[in-house]
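Please open the structure in a viewer and keep the selection tool at hand. The tour below proceeds one selection at a time.

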Amino acid sequence: MKPLKVLICTLSQSGSTDKIANKIGEGLTSSGMEVRYHPVLSGPVPEILSYDAIGIGCPAYVFRPPFPITDFIQSLPDLKKKYFFTFVQYGTNPGATGNRIRRQFRKKHAIDAGYLTTRGADYFIGYLRKGYFFSAGFPGDFELQTAVEFGVKVAHRMQHGYPETEPYDPSTPLLYAIERFSVNRFNAKLYLARSYKATKECDGCGICIKKCPVQNIKEGKNKRPVWGNNCMLCNTCELKCPKDAIKSPYDWAMNQPFFTMNIKRALKHQLPYSKIKFQKSRIEYNPN
């Protein structure tokens, strides 16, 4: 009997989601599965229906899946009799990330084989600028071992037809839901994506252009960056700028009270964090 073929698709910018994906793959392989990996941003998958199961892994972006993840799933054909599983990395709260991915797959008539959430370092600029680095150092050994065990569990469900999977996440708190709505796809294309600006400190180094995962930034006059409207609001450009020369909607004064409330909520729930100083793309721990 041929081994079941599993494709694990990821969007991983810092590498932590790929770490989890590889460990899940270890668990699947140890259970006799044939596993392959595919970065979502590299494009569509040839002969997608040749796989028996598709796994999707990504970080939570403002309590929702990144736009390329939802686009990727939407582009898939009908997956009747195929399995899927989902794994999400989050720094403070996954919000509706996993729920939305799972519902998308079910609309494709795929069978849910498992859901996993693990902590991952939260590089959200709104928190870093305020001196808080949530879930720094994650995923750790515990999360990686949990991912291996999850892979074994998913394999068992596919091999034995075990239908019961993990429950959906609870409803997103209202404050988070409001923030999520403010950065939805419509608003991103309408005005948020084009609201990124380079200040006078920009020296045209081109790092932001090279680092943009969706090639949304082009070189303009005097080598200064110009943003299009295909942004996924990951803020990699602002995070990686060595001159602190990029300003985004996350820097707007109107958004700061939300970030402050988010931080207070995270601290109240005793979420892991490090006090830091963030400037010129560098994180300095234990600032004076």
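The stops that follow concern a helix, the nonpolar cores, the salt bridges and the cysteines.

This is a predicted model, in which local features need pLDDT of at least 70, side-chain atom pairs count only at pLDDT 80 or more, and totals for chains, interfaces and linings use all residues. Residues are numbered from 1 along each chain as its sequence is written, and side-chain values use heavy atoms, with hydrogens and water left out.

**Helix α5**

Select residues 141–160, which form helix α5. Helices (H or I, at least four residues) and strands (E, at least two) are DSSP runs, numbered from the N terminus. The expected span of a helix is 1.5 Å times one less than its number of residues. For the 20 residues of α5 this gives 28 Å, and the end C-alpha atoms lie 29 Å apart, which agrees.

Next, colour the buried residues of α5, among them Leu144, Phe150, Arg157 and Met158. Buried means under 20% relative accessible area, exposed over 50%, and partly exposed in between (1.4 Å probe, protein chains only). The cover over these buried residues includes β1 (5–10), α1 (16–30), β3 (53–59), β4 (83–90) and β5 (111–119). After α5 comes Gly161, with a positive phi near 65°.

**The nonpolar cores**

Now select Phe105, Leu233 and Tyr250, which touch the most other members of the largest nonpolar core, a set of 61 residues. Helix α2 (residues 67–75) gives the most to this core, with four residues. A nonpolar core is a set of buried Ala, Val, Leu, Ile, Met, Phe, Trp, Tyr and Cys residues joined through side-chain atoms within 4.5 Å. In soluble globular proteins, nonpolar side chains tend to be buried together.

Centre the view on Tyr250. Leaving aside residues up to four places away in sequence, the contacts of Tyr250 (heavy atoms within 4.5 Å) include Val62, Phe124, Tyr196, Leu233 and Phe259. Apart from the largest core lies another, of 20 residues, including Ile24, Met33, Leu144 and Met158.

**Salt bridges**

The whole structure holds nine salt bridges. A salt bridge is a side-chain nitrogen of Lys or Arg within 4 Å of a carboxyl oxygen of Asp or Glu. Select Asp112 and Arg102, whose side chains meet in one at 2.9 Å, N to O. Asp112 belongs to strand β5 and Arg102 to helix α3 (residues 97–107), ten residues apart. Asp112 is buried, at 6% relative accessible area, and Arg102 is buried as well, at 0%.

Move to Glu238 and Arg129, where the closest N and O atoms of the salt bridge are 3.4 Å apart. Glu238 lies in helix α9 (residues 236–240) and Arg129 in the loop between α4 (125–128) and β6 (132–134), so the pair ties together parts that are 109 residues apart in sequence. Glu238 is buried at 1% relative accessible area, whereas Arg129 is partly exposed at 30%.

Return to α5 for Arg157, which forms a salt bridge with Glu166 at 3.0 Å between the closest N and O atoms. Both of these residues are buried. Salt bridges that share partners join Arg102, Arg106 and Asp112 into one network.

**Cysteines**

How many disulfides does the structure hold? There are zero, a disulfide being a pair of cysteine sulfur atoms within 2.5 Å. Select Cys212: the nearest cysteine sulfur, that of Cys234, is 6.3 Å away. Cys212 is buried, with a relative accessible area of 11%. Finally, select Cys237, for which the nearest cysteine sulfur is that of Cys231, 6.5 Å away. Cys237 is buried, at 8% relative accessibility.
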